[in-house]
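I opened this model to look up its helices, its strands and the confidence of its prediction. My entries follow in the order in which I made them.

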Amino acid sequence: MAALRLRAAGPITTVTASLVLLAGCSSEHDAAPAPSDESSSSSPATDPRQTPVEEPSEDPTESPTETPTTEPPHPISVAALAGVELTGGDLRLGAVRERTPAYTSYDVTFASTTAGEGSNPLRISGVLNVPTGPEPQGDQGWPAVVLAHGYIDPSSYVRGQGMTRERGFLAERGFVALHVDYRNHAESSDDPRIETAVRLGYASDVIAAAKALQDSTDVRVDPGRVGLFGRSMGGGVMLKALAIEPDLFAAGVGWASVSSLEAENFDQFQRPDAPAAELEAGFRGRHGLPGEDPEFWRGVSSRPVFGDITAPVLLAHGRYDDTCPPPWARASQRALTAAGVDSTLEWYDDGHAFGPAFVAAMERTVRFLRNRMPA
């Protein structure tokens, strides 16, 4: 599938608004219905194109794990966000979107924040799938998964778009699944800092979503069994959120993830789409391009803080991904392992959208979540 990029055809404000939004893609198959119980409860596919295998090869030219700086962090950085008290909660169930034999789907909103406690509050929209049937007995609630979708132009994005298949698949197997729209998307509040901190804001929103699930009285969720699942751009969001709040999520999953170094994402998605002079003008007064201000770009990347991640991580990537190059996945996996993270990288003979391999990859993801978030 051809790369979905942020086009710089509009005025300079459009360019600057997208610069830190180092975009990945959402699945072109998002509108497809979740697989039925009959098709998805079978054993993993025997077709070798859909069977996950380990990929041991490494590219010696890839960047090694970054060494965190001992200086105070830049105010716009993963480290700075990790140092503030991020809020979340007040999950509100709205209209019922869908009822199936396996789950009920609701429009929801929850509270987030621009830059931690005391900063401007935000209201984030999303879609929540709750399994059908009796709630878990005793003190234990449902296991839950927060979903972080890939890049879709916010001007055309609609509520719940990006991981519809995954949300249904998880709910059919007994997980509460909360799809996060992110700030500046759908019915979510706008973040006035979007031009400089939007990607970090997305990490704040998935963290707020987890806290909203844990605090909810309408949907009983086990606070110790909340996972985070991101695809493409959302895979980058997932890695940042795990480093920012190490004790919040029990597990992390990233499909077809963007690079864990934001300079590489910039070169892949932004640099080809606008003249250098326009890109430089957009950053003037804040920070430079990666070659001019490498410290800033390392600071908004997850790789330098992989050592803060305590949750186990599962990465899944297609060998034929022409949007997020496979070497990115190998480099992130090697850096996670070097940082002491319990991380696994599995490969599928598929592209960025996970079409033929979707069911096999989802079954592997569910097994991982159940093993790492046991009842």
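I first checked the length of helix H6 (residues 233-244); helices here are DSSP runs of H or I with at least four residues, numbered from the N terminus. Its twelve residues should span 16 Å, because the expected span is 1.5 Å times one less than the number of residues. The end C-alpha atoms of H6 lie 17 Å apart, which agrees.

I noted that this is a predicted model, in which local features need pLDDT of at least 70 and side-chain atom pairs count only at pLDDT 80 or more, while totals for chains, interfaces and linings use all residues. Residues are numbered from 1 along each chain as its sequence is written, and side-chain values use heavy atoms, without hydrogens and water.

I next asked how many residues of H6 are buried (under 20% relative accessible area, 1.4 Å probe, protein chains only). Twelve of its twelve residues are buried, among them Met233, Lys240 and Ile244.

I then turned to the strands, which are DSSP runs of E with at least two residues. Strand S8 (residues 313-318) pairs with S9 in the parallel sense over six bridges; pairing requires at least two DSSP bridges. From S8 the chain passes through helix H10 (residues 326-338) to S9 in a right-handed β-α-β crossover, that is, clockwise from first strand over helix to second with the strands pointing away from the viewer. Five of the six residues of S9 (residues 343-348) are buried, so S9 is largely enclosed by the rest of the structure.

Last, I looked up pLDDT, the predictor's confidence in each residue from 0 to 100. The protein chain averages 82, but pLDDT stays under 50 over residues 1-24.

Conventions: Buried < 20%, exposed > 50% of the residue type's maximum accessible area, 1.4 Å probe, protein only. Contact = heavy atoms within 4.5 Å.
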